[in-house]
Amino acid sequence: MRAWVFGDNVDTDVLAPGRYMKLPIEEIAKHCLEAIDPSFAAAVRPGDIVVAGRNFGAGSSREQAPAALRHLGVAALVAESFAGLFYRNAINLGLPALVCQQARRIRPGDSLTVNAEAGEIQNLTTGETLACEPIPAHLMQMVRDGGLLAHLEKRCNTTSS
Amino acid sequence: MSQTLAQKLVARAAGRSSVAPGEIVTCKVDLAMMHDSSGPRRVKPMLERLGAKVWDPGKVVVITDHYLPAYDDESRNIIRIAREWVREAGIDSFYDAQGICHIVLPERGHLRPGMFVVGGDSHSPTGGAFAAYMFGVGATEMLGVLVTGEIWLKVPHTIAMEFAGKLGAGVSAKDVMLFLIGRFGLDGGQYQAVEYRGDAIRELSMQERMTLCNMTAELGGQVGLIASDSVTREFLKTEIEIWESDADAPLLAHHRFNAGELPPQVAAPHSPANTKAVHEFRDVKPNLAYIGACTGAKLEDLRMASRILKGRKSKIRLLVAPASLRDQQSAEREGTLQVLLDAGAELLANSCGMCAGYGEHLLPEKAVAISTTARNFKGRMGAASAQVYLASPYTVAASAVAGRVCDPREMLA
């Protein structure tokens, strides 16, 4: 799927601006990344991949930052590194966040296939295969379940039945 | 085996005698703090979906601070949900319109050295000033804590920031943090534990220590920690346990600085890491000064501003939003607040306000602001065209008086 490429330190105020935080996620998502790319929210398509440099998601604990990306249909995030709190939030929402030291080799519009389980990205445009750090096993299980809420739902149902 | 303060705190919460950095452990949560934005309005529907109840209502604190004063139907609704939910869930520790959560929590005696605490806000590391392992989580992760009373953690390495000597007059904890963030970057903390130590740190008041730990968020650490000592004891007015790193505990990095050499710092738009010494910004002419936020408007912060503003007038619009109602009342009693008002300050509510860009007051297009807040990301405090410079309460006050960015030491007699 198509890559959208951003730089270092993309922050949560840019992903989910404070002035829209009182609104539902569908409204917040319309403004996702607008301060640095006004076309993004309208042009991104389900299955697209967001690629960035260092410290993606710096700043707030607001879960609406990864939730806005997920709402827009972004299938995975690939970055050289993630802000720790954002990383936990993304995984908790079932949105795979992959640490890839070679993320900078990806160009805007490249066609990518991301295999989160294997920790591998195929760049169909360039023919390259990029290695990612594997998502720890206990978190990968949560991603497979569809996030922490679904994971807890499974756990609550198991306990009560 | 020697352990850092972070390891000791995590080990206790994990029910272990020791833990090693990099290990994944499950910790029991002593306290969970939420505010109106990331708290009840988000967790209530998820709890209902699960048909689950809060694991221990006595271990939950809810504080309203983001959507206050409520100014439209949406914000009124968010506050109403918080008020109703604490009753439904049986949560007694509810502080409504008393100030910003990170300040109200210790002010009302909820933090003690040795505790393991999660907060639904990224500035939760503030609690580390009390030698508590406190970090921020998102709403779904908070739900997990509310249901299970537990959270997973990768045991952090510790980065020690040691400051020898003593900070100079007119130089504060905010300058220390802007300097460190400028030096090491927004990811300098690598989501590890950052421990502040050294004589200059021991000298600091609890509220100044809170400023250090608070802005560990901007430094990219998971927690900012300071060992407990007599200053902690005096603030809490009770006997406390001493929690500190073993002297020979292995560190990921140990950075040493001389506090006396640090000049006031300013971070230019649009990043707290965009920091230089104050004299580099002499040509910048702000048209608004903001003294607000958990990191910049506690009683200590208001006192710093008043030392500069006493007998002087602000040349530009000066807004002051004291971080808690109690701090505002203390400032009023001792005359600090009157000094600010006499200088021309307009008083705003005890809430997050402009800092987070959530409220009614937002920076207009092309505004140039100098602010005691923690983040100057593009568009955070209002218009994307607004320029926000971050500085200490001393520097913000001095710049308000001068009408340009000014070294506060020039105004301290």
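**View 1. A lone salt bridge across the domain interface of chain B.** In this predicted model, the rule picks out one salt bridge between domain 1 of chain B and domain 2 of chain B. Zoom in on B:Glu218 and B:Arg375: these two form a salt bridge, and their closest N and O atoms sit 2.7 Å apart.

**View 2. Polar contacts and the helices on the domain 1 side.** Looking for polar contacts instead, the rule turns up 15 residue pairs across the interface of domain 1 and domain 2 of chain B, with both partners at pLDDT 80 or more. On the side of domain 1 that touches domain 2, four helices of chain B each chip in at least two residues: H4 (101-107), H6 (173-184), H8 (206-214) and H9 (216-219). H6(B) gives the most, with six residues. Sorted by class, that side of domain 1 of chain B has 16 nonpolar, 15 polar and seven charged residues.

**View 3. The two domains of chain B, side by side.** The domain assignment splits chain B into domain 1 (5-257) and domain 2 (265-412). Their centres, taken over C-alpha atoms, are 24 Å apart. Each domain brings 38 residues to the contact.

**View 4. Buried area, and who supplies it.** Between them, domain 1 and domain 2 of chain B bury about 3200 Å², and carbon and sulfur atoms give 61% of that. On the domain 1 side, keep an eye on B:Ile100, B:Leu178 and B:Gln207: this trio supplies 18% of the area that domain 1 of chain B buries against domain 2, more than any other three residues.

Notes. Residues are numbered from 1 along each chain as its sequence is written. Chains are lettered from A and ligands numbered from 1 in the order in which they are written. This is a predicted model: local features need pLDDT of at least 70, side-chain atom pairs count only at pLDDT 80 or more; totals for chains, interfaces and linings use all residues. Side-chain values use heavy atoms; hydrogens and water are left out. Domain bounds come from an automatic or database domain assignment. Contact means heavy atoms within 4.5 Å. Buried area is the accessible area (1.4 Å probe) that two parts lose on being put together, summed over both. A salt bridge is a side-chain nitrogen of Lys or Arg within 4 Å of a carboxyl oxygen of Asp or Glu. A polar contact is a pair of N or O atoms within 3.5 Å; within protein, one must be able to donate a hydrogen and the other to accept it, and residues adjacent in sequence count only if both atoms are side-chain atoms. Ala, Val, Leu, Ile, Met, Phe, Trp, Tyr, Cys and Pro count as nonpolar, Asp, Glu, Lys and Arg as charged, and the others, Gly among them, as polar.
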